[in-house]
Amino acid sequence: MKRILYFLLTISILIFWSSCRKDFDFSPSTGDLAFSKDTIYLDTVFADIGSSTYNLKVYNRSDDDISIPSVRLAQGENSNYRLNVDGMPGKVFEDVELLANDSLFIFIETTYNTEGNPLADLQFLDTDAIEFDSGSNLQKVELVTLIQDAVFIFPGRDEDTHVIETLSFDVDGDGTPDETTLQGRFLEDDELTFTNEKPYVIYGYAAVDEGDVLTIEAGARVHFHANSGLLVTNNASLKVNGQLSDDQELLENEVIFEGDRLEPLYEDIPGQWSTIYLFNGSVDNEINYATIKNSTVGVLVEGDQDAVTDKLTITNSKIYNSSNFGILARATSIRAENLVINNSGQSSFAGTLGGKYNFTHCTIANYWNSSFRQFPSVLLNNFLINADNSIVINNLEATNFNNCIIYGNDNAEIDIAGDSDADLDYKFTDCLIRFQSNQNPFDFDDGIHFERITLNEDPDFKSPFENDLRLNENSGAIGLGNSMLPVPDDILGIDRLSTFDLGAYQFVPSEED
């Protein structure tokens with residue numbers, strides 16, 4: 001009986017409370033909305049590529065529940081912008097309710113579609129506005145985006161099956177093409193020169209076919225979509241012909257390889273694209289005055305260590321923010337001068353499965369701080385462990401590091417491991433190396449593998465976590481270089497006539513020094 005009375009009492013209270021409650025009564029807004037911004041700048045995007053998502057917060061600071069009669073893009077359904085209002089996508093919305101002293105989010109994106117609407121200029125401002133209400137109550141928030149034209153290179157897609165084109169080339173070296181799962185296509189003859197007239201945006205892998213040469217001219221900008229890259233196949237070559245820039249902020253003459261997201265948020269995010277892949281059999285590859293940034297592997301180089309000329313010659317170049325390796329080399333040959341590598345998720349340079357490498361006046365650093373790093377700045381070995389735990393060995397031969405800085409934020413920034421059944425021929429001469437470990441497998445005074453090594457002196461880089469590896473006045477690398485090595489100018493074109501500093505940069509006193 002008590003339970004029944006309690007139940008009836010509870011129901012009565014609920015009925016009484018609900019009868020006293022007034023339903024929400026929304027009155028039309030009167031043009032007194034407040035906004036988190038009066039203009040939304042969506043930064044720069046390439047034509048035909050969607051922007052990041054931006055947001056606008058709309059406030060009702062009154063004590064009344066209101067209904068906004070309309071929220072719309074000024075250009076309506078013809079707008080290149082798109083909205084999401086309170087979880088609903090669209091371009092025109094009616095009777096948007098907003099409680100007293102409350103707010104709502106509007107999310108904004110844009111894509112400029114060039115189909116049937118080609119760009120007249122290399123870049124232009126695409127503008128629109130979000131309009132709230134109309135007439136005397138009209139309020140606006142402006143939308144501004146810089147649209148940039150580009151040359152787009154992408155694989156074909158089957159019209160019926162929608163399957164994206166994949167690459168077929170000689171993978172195993174038997175002289176016949178092999179099907180791969182790499183989405184991409186080979187460059188046509190009229191695409192084998194990249195100029196500085198427009199940026200290039202690559203989807204999938206842009207591949208250089210057998211016997212072809214891809215030439216990239218000074219000042220070119222090459223952007224890659226996610227999981228995309230360059231592939232240079234058998235008997236093909238890559239020639240990156242950058243030049244020294246007068247303006248070290250604009251880098252107007254350098255060739256820059258990076259992702260296709262132009263918003264500032266993406267400026268230094270690793271792993272946005274795949275790699276520059278110099279496949280086994282490619283020949284005479286040259287990279288000069290290039291910046292390679294934000295990839296998974298900056299340059300992947302395979303095979304041909306016994307070729308007459310080095311597989312890759314890389315000079316006056318920088319490789320930054322690689323989520324795995326700056327350069328990953330396997331049984332190949334590389335000559336590097338005035339090369340800077342920094343901020344790699346694993347090693348900045350890994351010479352694996354042997355090979356032949358000569359690095360002179362290079363700064364190979366690693367100040368990666370985005371996750372745990374397993375390997376040091378420089379990793380060398382003469383073997384490869386396969387997935388089935390079988391071991392393949394190959395000679396590491398005639399490998400030299402001269403006048404280099406090898407440093408980072410780990411205690412030991414070199415690791416050299418060898419299988420006794422293969423050669424392990426290497427030497428570091430006149431180098432500054434960080435190696436602070438209680439277990440030291442190296443004799444840094446042996447004169448065979450190490451000669452005139454400076455250990456653990458601070459190179460005093462200007463801002464290593466921001467990829468500025470120029471030397472400050474207290475650098476332990478100043479004046480320690482061997483003057484007999486033929487690299488007369490540093491990466492910035494500063495001569496090495498008076499002193500020979502280690503690494504890619506000569507110390508230059510600043511006005512404050």
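**Exercise 1. Is Cys431 buried or exposed at the surface, and which relative accessibility tells you so?**

Solution. Keep in mind that this is a predicted model.
- Step 1: look up the value, which is 0% relative accessibility for Cys431.
- Step 2: compare it with the cut-off, since buried means under 20% relative accessible area.
- Step 3: conclude that Cys431 counts as buried.

**Exercise 2. Work out how many disulfides there are, starting from Cys362 and Cys431.**

Solution. Let us go from sulfur to sulfur.
- Step 1: recall that a disulfide is a covalent bond between the sulfur atoms of two cysteines.
- Step 2: the cut-off to apply here is a pair of cysteine sulfur atoms within 2.5 Å.
- Step 3: for Cys362, the closest cysteine sulfur belongs to Cys404, and at 4.7 Å it is too far for a bond.
- Step 4: Cys431 also has its closest cysteine sulfur in Cys404, and that distance of 4.7 Å is again too far for a bond.
- Step 5: the count comes to 0 disulfides. As a side note, Cys362 is buried, with a relative accessible area of 0%.

**Exercise 3. Find the largest nonpolar core and describe what surrounds Phe349.**

Solution. Start with the core, then pick out one residue.
- Step 1: the largest nonpolar core holds 59 residues.
- Step 2: the residues with the most contacts inside this core are Phe257, Phe349, Phe359, Phe401 and Phe428.
- Step 3: strand 28 (residues 325-344) supplies the largest share of the core, 6 residues.
- Step 4: leaving aside neighbours within four places in sequence, the contacts of Phe349 include Ile327, Ile341, Phe359, Leu380 and Phe401.
- Step 5: another core, of 23 residues, lies apart from the largest one, and among its members are Ile68, Val71, Leu104 and Ile106.

A general point fits here: in soluble globular proteins, nonpolar side chains tend to be buried together.

**Exercise 4. Which residues make a nonpolar surface patch of about 260 Å²?**

Solution. Now we turn to the surface.
- Step 1: the patch is made by Ile385, Ile391 and Ile393.
- Step 2: place Ile385, which lies in strand 32 (residues 383-385).
- Step 3: Ile385 counts as partly exposed, because its relative accessibility is 48%.

**Exercise 5. Describe the salt bridge between Glu413 and Arg373 and say which parts of the chain it ties together.**

Solution. There are 16 salt bridges in the structure, and here is a close look at this one.
- Step 1: the closest N and O atoms of Glu413 and Arg373 are 2.9 Å apart.
- Step 2: Glu413 lies in the loop between strand 35 (405-408) and strand 36 (414-417), while Arg373 lies in the loop between strand 30 (363-366) and strand 31 (378-381), so the pair ties together parts 40 residues apart in sequence.
- Step 3: Glu413 is buried at 0% relative accessibility, and Arg373 is buried with a relative accessible area of 7%.
- Step 4: Asn409 is also found in the loop between strand 35 and strand 36, and its contacts include Arg373, Arg434 and Phe465. Asn409 is partly exposed, with a relative accessible area of 33%.

**Exercise 6. Compare burial in the pairs Arg185–Glu191 and Asp304–Lys311.**

Solution. Take each pair in turn.
- Step 1: Arg185 and Glu191 form a salt bridge with their closest N and O atoms 2.8 Å apart, and both residues are buried.
- Step 2: Asp304 and Lys311 meet in a salt bridge of 2.6 Å, N to O.
- Step 3: Asp304 is partly exposed at 26% relative accessibility, whereas Lys311 is buried at 1%.

How values were computed. Residues are numbered from 1 along each chain as its sequence is written. This is a predicted model: local features need pLDDT of at least 70, side-chain atom pairs count only at pLDDT 80 or more; totals for chains, interfaces and linings use all residues. Side-chain values use heavy atoms; hydrogens and water are left out. Patches are made of residues with over 30% relative accessible area and no salt bridge: like charges are joined within 9 Å, nonpolar side chains (Val, Leu, Ile, Met, Phe, Trp, Tyr) within 5 Å. Accessible areas come from the Shrake-Rupley method with a 1.4 Å probe; for residues, only the protein chains shown count as cover. A salt bridge is a side-chain nitrogen of Lys or Arg within 4 Å of a carboxyl oxygen of Asp or Glu. Helices (H or I, at least four residues) and strands (E, at least two) are DSSP runs, numbered from the N terminus. Buried means under 20% relative accessible area, exposed over 50%, partly exposed in between (1.4 Å probe, protein chains only). A nonpolar core is a set of buried Ala, Val, Leu, Ile, Met, Phe, Trp, Tyr and Cys residues joined through side-chain atoms within 4.5 Å. Contact means heavy atoms within 4.5 Å.
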